[in-house]
Amino acid sequence: MSPIAVGGPALFIGSDTPCVALVRPEIDPAQPEVRAAAERAGVTPEEFAGPADLWQLIADRTDGEGREIALPELADSEVAAFAERLLAASADPEAEFTAQLTVAGHTLLRLDARPAGEGFAFLARVTPPASEGTTPLDVEIGPTAATDLRAELEQFRRSLT
């Protein structure tokens, strides 16, 4: 059986591992693979596909440590504003900057960027809500070319509309 296709907006800072990502997965329940998997699981294809409006924050380090946080209260407008702040801050490849994603008064993601080569290196701090019962996770992300970062941000912004 072929894999299930997953779409939806996704912003990756870093490539592969280490990275942090904001994703809103969308699975089409009409896919034959989804229908077959749902039948095996004894649920409807719509239940199997799940909601298409639930944001997730994912962080992975090279040592295998990671976090995945569901963000049901995060709105597209807040994610778009975060991407706008990153895009504006990354316009000057010589400048350090910090960008934060805050939901309901809690800073979930803090990105500290410093110039590195032709782009930026990042220290990402992922701080799960207290209800998660896990500690913050720091992820060091090696140099990302400024042009690649800005292209990723522009594509992400387009995917939100």
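Questions and answers on a predicted protein model follow.

Residues are numbered from 1 along each chain as its sequence is written. The model is predicted: local features need pLDDT of at least 70, side-chain atom pairs count only at pLDDT 80 or more, totals for chains, interfaces and linings use all residues, and side-chain values use heavy atoms, leaving out hydrogens and water.

User: In what order do the elements of the protein run from the N terminus on?
Analyst: Helices (H or I, at least four residues) and strands (E, at least two) are DSSP runs, numbered from the N terminus. The secondary structure comes to 4 helices and 10 strands. The elements run β-β-β-β-α-α-β-β-α-β-β-β-β-α.

User: Which strands stand at the edges of the open sheet with the order β2-β3-β5-β6?
Analyst: Two strands pair if DSSP finds at least two bridges between them. This open sheet has 4 strands and antiparallel pairing. Each edge strand has a single partner, so one side of each is left without a neighbour in the sheet; these strands are β2 (10-13) and β6.

User: Which residue of β5 is the bridge partner of V20?
Analyst: Strand β3 (residues 19-23) and β5 pair in the antiparallel sense over 5 bridges. In β5, the partner of V20 is A59.

User: Which residue in the turn of the β5 and β6 hairpin has a positive phi?
Analyst: Strand β5 (residues 55-60) is joined to β6 by 6 bridges and runs antiparallel to it. W55 has L71 of β6 as its bridge partner. The hairpin leaves 5 residues between the strands, and the turn residue with a positive phi, about 90 degrees, is G64.

User: Which residues make up the covered face of β6?
Analyst: In a regular strand the side chains alternate between the two faces of the sheet. Strand β6 spans residues 66-71, and its uncovered face holds G66, E68 and A70. Its covered face holds R67, I69 and L71.

User: At what angle does α4 run to β2?
Analyst: Axes are lines fitted to C-alpha atoms, for helices over the stretch in contact (heavy atoms within 4.5 Å), and angles run from 0 to 180 degrees between N-to-C directions. Helix α4 lies across β2, β3 and β5. Its angle to β2 is about 165 degrees.

User: What is the average twist from one strand to the next in the sheet β7-β8-β9-β10?
Analyst: This open sheet has 4 strands with antiparallel pairing. β7 (97-103) and β10 (137-145) stand at the edges, each with a single partner strand. The twist averages 20 degrees.

User: Which residue of β8 is the bridge partner of T98?
Analyst: β7 and strand β8 (residues 106-116) run antiparallel, joined by 7 bridges. Helix α3 (residues 76-89) lies across both, at about 175 degrees to β7. In β8, T98 has as its partner D112.

User: Is V6 buried or exposed?
Analyst: V6 sits in strand β1 (residues 6-7). Buried means under 20% relative accessible area, exposed over 50%, partly exposed in between (1.4 Å probe, protein chains only). Because its relative accessibility is 52%, V6 counts as exposed.

User: What percentage of the residues of the protein count as buried?
Analyst: The C-alpha atoms fill a box of roughly 55 × 35 × 30 Å, taken along the principal axes. The protein has 161 residues. The buried share is 35%.
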